[in-house]
Amino acid sequence: MQSSIVHVGFAFLAMGSWAAFANRAHPMPAPLLAGLIQGTLSALITLLLKRGIEYLASSFTGLTALLAPPVIAGVVSASLLTVIHTIGGTPEIARTIAVPLTVATSYAALYNYSLWRSRKAMNHGAE
């Protein structure tokens with residue numbers, strides 16, 4: 001639990017800071033608001049992404065189990081980030097979400113790959 005709090009807090013600070021930086025050319029409070037929105041979203045994504053990938057990975061088999069979970073996670077994350085930043089009035093949406101989306105999708109792909117390999121090794125050992 002303590003590790004999760006640290007990860008969520010780090011995501012909030014790191015990605016919120018990135019969003020404020022990405023919107024620095026705009027007058028206040030736009031950079032601050034973008035940072036608060038992105039920090040909050042990154043904290044939530046960090047909290048939910050691991051469980052989401054685990055659920056999705058168990059929902060598919062074969063090559064689909066390798067490809068679908070990170071693609072689904074990336075599309076859902078990109079959609080939510082875009083919609084919420086649009087509603088929030090973030091001026092530089094593409095710049096704002098580029099780093100957090102890359103980090104989240106990379107994590108999703110790597111974590112899902114490790115789950116897929118483990119599952120494949122267990123299934124192969126059972127034969």
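**Note on the predicted four-helix chain**

1. The chain has an accessible surface of about 7800 Å², and carbon and sulfur atoms account for 72% of that area. The model is a predicted one. Along the principal axes, the C-alpha atoms fill a box of roughly 65 × 30 × 15 Å.

2. Four helices and zero strands are present, giving the pattern α-α-α-α along the sequence. Of the 127 residues in the chain, 31% are buried. Taking contacts between residues at least 6 apart in sequence, 73% join residues at least 24 apart.

3. Helix α3 covers residues 62-88, and its length is as expected: 27 residues at 1.5 Å a residue should span 39 Å, and the end C-alpha atoms lie 40 Å apart, which agrees. After α3 comes Gly89, which has a positive phi, near 80 degrees.

4. That agreement in span should be read together with a kink in α3. The kink is about 30 degrees and lies at Ala68, shortly before the proline Pro69. Both Ala68 and Pro69 are buried.

5. The buried residues of α3 also include Ala65, Leu66, Pro70, Ala73, Gly74, Ser77, Leu81 and His85. As background to that list, an α-helix has 3.6 residues a turn, so residues three or four places apart point the same way.

6. Ser42 belongs to helix α2, residues 30-59. Ser42 counts as buried because its relative accessibility is 6%, and the cut-off for buried is under 20%. Leaving aside residues up to four places away in sequence, Ser42 touches Ala11, Met15 and Pro100.

Technical notes:
Residues numbered from 1 in each chain as written. Predicted model: local features only at pLDDT ≥ 70, side-chain atom pairs only at ≥ 80, totals over all residues. Heavy atoms only, no water. Helix = DSSP H or I, 4+ residues; strand = E, 2+ residues; numbered from the N terminus. Buried < 20%, exposed > 50% of the residue type's maximum accessible area, 1.4 Å probe, protein only. Contact = heavy atoms within 4.5 Å. Areas by Shrake-Rupley, 256 points an atom, 1.4 Å probe, with all protein chains shown as cover. Expected span 1.5 Å × (residues − 1). Bend = angle between axes of the 7 residues up to and from the residue.
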